[in-house]
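Trainee: I'm new to this structure and would love a close look at a single part. Could you walk me through the pockets and what lines them?

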Amino acid sequence: MPSTLVHAAVAGLIGAALLGDAFDKRALLVVVVVVAIPDLDSFIALVSSAGHRTSLHNLAVPALAVLLWWVDVHVREQSLLRSRWGAWGVRVAWVAIVVYALGHVLLDLTDGYANLFWPLHDQFYTLRGEMELSNQRGLVQTFRDSERGFLLLEPRGTSRDVQITTGVDPGTTPSGETAERTFPLFGSGLELLVALTGGVLTAARLRVSQRLPEE
């Protein structure tokens, strides 16, 4: 799955695109911290097998956050977010939710697995396939199998039978020994390019946002 570095780069890109006037060092720090939160469920394996790579890698967390944000901003007479951090806090909060869901959980689907609907439904999914236009075959896509037709999300087992190792929880070798601890940085040239692009564009956006008030 994409490393935390790649997730942070994508978070910076999303923040640069959606934060608008709220984009500053504090907002950037918030979205980068938020996008790293799902990886904390790796530490659950140190105390329990329940929820390992599932308790935070799902859509239930951002869905609950959306509900709390909506109630606070649109239902409560006095919004806690607005009263303490103003319009900046309201914007940063909802962008952080987008970053969590899109920049981490859903991104993991394209190069790994995510237990999207845990704890309501314990099932890992992945998103695999290709799509192209051919002058001989028309639209050709492989986001499906021969039995189920058009299948965007491919099920890959439950938390009981899918083991996702990390540097924190490397798992064991077939002989029962602890496996080598590795902390992935970039799993492909594309991930490296995404990280570099995200880093450069986020830094440029931050520099521009700091210079505009002076000009």
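Mentor: Happy to; here is a walk through two pockets, one after the other. Please keep in mind that this is a predicted model.

Let's begin with the largest pocket, which holds about 600 Å³ of space. Its lining is made of 31 residues, and those nearest the centre are Asp39, Arg53, Thr166, Gly167 and Pro184. Two elements, α1 (4-18) and α4 (80-110), each give two or more residues to this lining. The largest share belongs to α1, with three residues. Sorted by class, the lining of the largest pocket has 14 nonpolar residues, eleven polar ones and six charged ones.

Now turn to the second largest pocket, with about 350 Å³ of space. Here 17 residues form the lining, and Leu81, Val92, Ala93, Ala96 and Ile97 are the closest to the centre. Helix α4 appears again, this time alongside α2 (25-36) and α3 (60-75), as an element that gives two or more residues to the lining. In this second largest pocket α4 provides the largest share, nine residues. As for class, 16 of the lining residues are nonpolar, one is polar and none is charged.

So you can set the two linings side by side: the largest pocket has six charged residues in its lining, whereas the second largest pocket has no charged residue there. Likewise, α1 gives the largest share to the lining of the largest pocket, while α4 does so for the second largest pocket.

How values were computed
Residues are numbered from 1 along each chain as its sequence is written. This is a predicted model: local features need pLDDT of at least 70, side-chain atom pairs count only at pLDDT 80 or more; totals for chains, interfaces and linings use all residues. Side-chain values use heavy atoms; hydrogens and water are left out. On a 1 Å grid over the protein atoms alone, a cavity is a set of points where a 1.4 Å probe fits but cannot get out, and a pocket is an open set with protein on both sides within 12 Å along at least five of seven lines; lining residues have an atom within 4 Å of a point. Grid points are joined across faces, edges and corners, and a volume is the space filled by probe spheres set on the points. Helices (H or I, at least four residues) and strands (E, at least two) are DSSP runs, numbered from the N terminus. Ala, Val, Leu, Ile, Met, Phe, Trp, Tyr, Cys and Pro count as nonpolar, Asp, Glu, Lys and Arg as charged, and the others, Gly among them, as polar.
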